[in-house]
Amino acid sequence: MRVRTVLGWRNAGEATGHVVVIDVLRAFTTAAYAFAAGIEEIELVATPEEALARPGFRMGEVGGRLIPGFDHNNSPSGLIGRRLAGRAVQRTSAGTQGVVLATRAESLWLGSLVVAGATARALAGASEVTLVATGAREGRGDEDVAAADYMTALLHGEAPPRAPFIKRVAGSRDAEFHAGNDPDLPAADIPCCTAIDAFDFAMRVERRDGRLIARPWQGPV
């Protein structure tokens with residue numbers, strides 16, 4: 001199996017083979033928690049305007065902030081204990097942008113540490129996997145690179161210790177923004193984002209009538 005990592009969501013168009021678009025802090029951790037709360041499918045979009053034009057539970061951010069007219073921001077911890085149903089629409093500044101740009105993918109997946117093991121199992125028979133660390137830019141986004149490194153090891157049949165990867169995420173530059181009492185950036189998000197393999201499903205994205213729809217996935221590709 002050939003596994004490579006592409007840095008930055010703007011470079012997602014370079015990704016080929018089976019593509020995992022990674023956003024640990026926080027888009028695709030939030031997506032996993034939304035599925036766990038009962039959401040059945042998530043449509044990924046690039047702009048707030050697109051999201052507002054779609055039906056469903058709207059979640060995401062611009063500049064880390066709740067978008068006016070949205071039902072939820074980008075906080076995974078804010079979904080704990082909630083009971084949701086139906087569909088959601090997600091727009092974020094890095095994760096969903098990478099998904100939209102990953103047009104060369106043979107298959108497309110949402111990646112974060114909470115679904116790393118399930119995603120690796122789904123792709124175990126793939127010949128080529130590209131991991132897109134969406135947040136990687138100018139000294140930031142090591143949490144996404146950490147998840148890519150962890151998944152690379154899993155895809156190669158290794159069982160690396162988890163503690164170093166958790167430490168990298170918790171100590172990343174972007175994690176520092178969750179140190180206070182900001183309701184859009186709660187400190188409780190960090191343990192959610194570092195809960196490796198909290199869920200036993202992967203998140204596969206399919207194109208449906210020109211739209212990008214993610215659903216929970218169990219089993220091989």
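Me: Buried means under 20% relative accessible area, exposed over 50% and partly exposed in between, with a 1.4 Å probe and protein chains only. Is D184 buried or exposed?

Reply: This is a predicted model, in which local features need pLDDT of at least 70, side-chain atom pairs count only at pLDDT 80 or more, and totals for chains, interfaces and linings use all residues. Residues are numbered from 1 along each chain as its sequence is written, and side-chain values use heavy atoms, with hydrogens and water left out. The relative accessible area of D184 is 12%, so this residue counts as buried.

Me: Which residue meets the side chain of D184 in a salt bridge?

Reply: A salt bridge is a side-chain nitrogen of Lys or Arg within 4 Å of a carboxyl oxygen of Asp or Glu. For D184 the N to O distance is 3.5 Å, and the other side chain belongs to R65. The pair ties together parts that are 119 residues apart in sequence, because R65 lies in the loop between strand 4 and strand 5 while D184 lies in the loop between helix 6 and helix 7. With a relative accessibility of 37%, the partly exposed member is R65.

Me: How many residues apart are R26 and D189?

Reply: R26 and D189 form a salt bridge, with their closest N and O atoms 2.7 Å apart. R26 sits in the loop between strand 2 and helix 1, D189 sits in helix 7, and their separation along the chain is 163 residues.

Me: What is the relative accessibility of D189, and which residues is D189 in contact with?

Reply: D189 is buried, because its relative accessibility is 0%. From D189 to P76 the C-alpha distance is 5.9 Å, although they are 113 residues apart in sequence. Contact means heavy atoms within 4.5 Å. Leaving aside neighbours within four places in sequence, the contacts of D189 are R26, N74, S75, P76, S77 and H178.

Me: Which helix holds R168, and which holds D149?

Reply: R168 and D149 form a salt bridge, the closest N and O atoms being 3.0 Å apart. They are 19 residues apart, with R168 in helix 6 and D149 in helix 5.

Me: How many salt bridges does the structure hold?

Reply: Some of the charged residues are joined in a network, made up of E41, E43, R54, R87, R208, R211 and R215. For the structure, the count of salt bridges is 13.

Me: How many bridges join strand 2 to strand 6, and how many join strand 2 to strand 7?

Reply: Strands (E, at least two residues) and helices (H or I, at least four) are DSSP runs numbered from the N terminus, and two strands pair if DSSP finds at least two bridges between them. Strand 2 covers residues 17-22, and 6 of its 6 residues are buried. In strand 6 the bridge partner of V21 is L110, and in strand 7 A133 stands opposite I22. Both pairings are parallel; strand 6 is joined by 6 bridges, and strand 7 by 5.

Me: How many bridges pair strand 8 with strand 9?

Reply: Strand 8 also pairs with strand 6 in the antiparallel sense, over 3 bridges, and V205 is the partner of L108 there. Between strand 8 and strand 9, E206 is matched with I213. Their hairpin has 2 residues between the strands, and D209 in the hairpin takes a positive phi near 55 degrees. Strand 8 and strand 9 are antiparallel, and the number of their bridges is 7.

Me: How many of the 10 residues of helix 1 are buried?

Reply: The buried residues are A27, F28, T29, T30, A31, A32, Y33, A34 and F35. Helix 1 is largely enclosed by the rest of the structure, because its count of buried residues is 9.

Me: Which residues outside its sequence neighbourhood is S112 in contact with?

Reply: S112 lies in the loop between strand 6 and helix 4. S112 is buried, because its relative accessible area is 1%. Beyond four places in sequence, the contacts of S112 are D23, V24, F28, T29 and M203.
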